Amino acid sequence: MRALKYVAAASLMATAPLAVAQQLSIATGGTGGVYYPIGGGLAEMINRHIEGASATAEVTGASVENMGLIMRGDADLALVLADTAYQAYNGTGDFEGRQIEDTRALASIYPNAVQLVVLADSDIQSLEDLRGKRVSVGAPGSGTELNARALLEANGITYDDIRPQRLNFNETADAIRDGDIDAGFWSVGPPTSSILNLAATRDIRLIGLSDEEIANAQEEEPVFASYELRAGMYDGMDEAVQTISIPNVLVVNAEMDEELAYQLTKLLFENTDELIAVHPAANDTTIEFSIDSTPVPFHEGALRYYEEVGTEVADHQRP
């Protein structure tokens, strides 16, 4: 399917312009993560290729906040973790009592890896060793916090067992560097700039997960998948580290114009090289990954594109 990328921008130029000029807002995350550069890259692609539309990437608190922005119409597109999208659509977890039934996906973009970072000389060797420690669990309302909490609780550790700090990626890196916290969680497409920068100034280690811990996490959150962080990803990382990952979904409101949703989906998959040039996480931006990973219904416009290229869509991915 990646061969679909050979369809050049020229094919997009043949797309009919939008009937009404559109100014699109893309909800991303903090500047130290992957959402912001990916969202910025997508905005540039929209500005370059979709006649009658322009877009800007907005800094936000990431997944949970982004779903609220989509619900209220304060953002047109948003990057969110798959479990956040799933909970919002079904009204479970953090969205119990505030279901967002109009959640629709254009695509799954790339997987996030849950990365637990400590200084190299830390006595923390496993999840169990986090008990009693100062641990950044991610920014309030972020997918990182949802993932960290799910992983911990699935393995018998609650916030009462640690000293949780709700910090964004850059704040987490600074706090580890300065010794203000003992460990920090990232749920982000690797490699991420804030960990790269931390590893360039301090010796760090990434804490791996056991098969049992991964199985426990998958029982808690079915959208989790085993993932291996490759050796050499960060300075001083001599061996691969086993962890879990979760897809990132590009979501919109069901009320988005069908033609616009179609053009956005087409743009994403037929100009993927432009997104890879912005961040290597987009190497996973394929139709196969999107179909295999998206846990909520696709927008009608996205479905039109998938069907146009002959892709089989699952029943749960139809509204």
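**Warm-up.** Is Arg 149 buried, partly exposed or exposed, judging by its relative accessibility?

*Solution.* Start with the scale: buried means under 20% relative accessible area, exposed means over 50%, and partly exposed is what falls in between (1.4 Å probe, protein chains only). Arg 149 comes out at 24% relative accessibility, so Arg 149 counts as partly exposed.

Some ground rules before going on. This is a predicted model, in which local features need pLDDT of at least 70 and side-chain atom pairs count only at pLDDT 80 or more, while totals for chains, interfaces and linings use all residues. Residues are numbered from 1 along each chain as its sequence is written, and side-chain values use heavy atoms, with hydrogens and water left out.

**Exercise 1.** Find out where pLDDT stays under 50.

*Solution.*
- Step one, the term: pLDDT is the predictor's confidence in each residue, from 0 to 100.
- Step two, the overall picture: the mean pLDDT of the protein is 91, and 93% of its residues reach 70 or more.
- Step three, the weak stretch: pLDDT stays under 50 over residues 1-16, for which the model has 33 contacts (heavy atoms within 4.5 Å) beyond four places in sequence.
- Step four, the caution: where pLDDT is low, the predicted coordinates should not be read in detail.

**Exercise 2.** Work out which element gives the largest share of the largest nonpolar core.

*Solution.*
- A nonpolar core is a set of buried Ala, Val, Leu, Ile, Met, Phe, Trp, Tyr and Cys residues joined through side-chain atoms within 4.5 Å.
- The largest one has 104 residues, and Leu 127, Leu 130 and Phe 185 are among those with the most contacts inside it.
- Strand E4 (residues 103-119) gives the largest share of this core, 11 residues. Strands (E, at least two residues) and helices (H or I, at least four) are DSSP runs, numbered from the N terminus.
- Now zoom in on Leu 130: setting aside neighbours within four places in sequence, its contacts include Leu 116, Ile 124, Leu 152 and Phe 185.

**Exercise 3.** Trace the salt bridge that Arg 149 forms, and say which parts of the chain the pair links.

*Solution.*
- The rule: a salt bridge is a side-chain nitrogen of Lys or Arg within 4 Å of a carboxyl oxygen of Asp or Glu. By this rule the count comes to 15.
- The partner: Arg 149 pairs with Asp 94, and the closest N and O atoms are 3.3 Å apart.
- The link: Arg 149 sits in helix H5 (residues 143-154) and Asp 94 in the loop between helix H4 (82-90) and E4, 55 residues apart, so distant parts of the chain are joined.
- The setting: Asp 94 is partly exposed, at 30% relative accessibility.
- The wider group: Asp 94, Glu 145, Arg 149 and Arg 166 are linked in a network of salt bridges.

**Exercise 4.** Set the salt bridge of Arg 48 beside that of Arg 304.

*Solution.*
- Arg 48 meets Glu 44 at 3.8 Å, N to O. Both lie in helix H2 (residues 35-49), four residues apart, about one turn of the helix.
- An α-helix has 3.6 residues a turn, so residues three or four places apart point the same way.
- Arg 304 forms a salt bridge with Glu 258, with 3.3 Å between the closest N and O atoms. Here the pair links distant parts of the chain, with Arg 304 in helix H12 (residues 300-308) and Glu 258 in helix H9 (residues 258-270), 46 residues apart.
- Arg 304 also makes a side-chain polar contact with Glu 259 (2.8 Å). That term covers a pair of N or O atoms within 3.5 Å; within protein, one must be able to donate a hydrogen and the other to accept it, and residues adjacent in sequence count only if both atoms are side-chain atoms.

**Exercise 5.** Decide how the buried residues of helix H6 (residues 169-178) are placed around its axis.

*Solution.*
- List them: Phe 169, Thr 172, Ala 173, Ala 175 and Ile 176.
- They cover an arc (taken from the directions from the helix axis to the C-beta atoms) of only 165 degrees, so they are on the same side of H6.
- Their cover includes E4, H5, strand E7 (183-188) and H7.
- Asp 178, also in H6, is exposed at 53% relative accessibility.
- Look at the ends: at the start, a side-chain oxygen of Asn 168 reaches to within 3.2 Å of the backbone nitrogen of Asn 170. Just after H6, Gly 179 takes a positive phi of about 80 degrees.
- One residue of H7 to finish: Ser 194 is buried, at 1% relative accessibility, and touches Phe 169, Asn 170 and Ala 173, among others.
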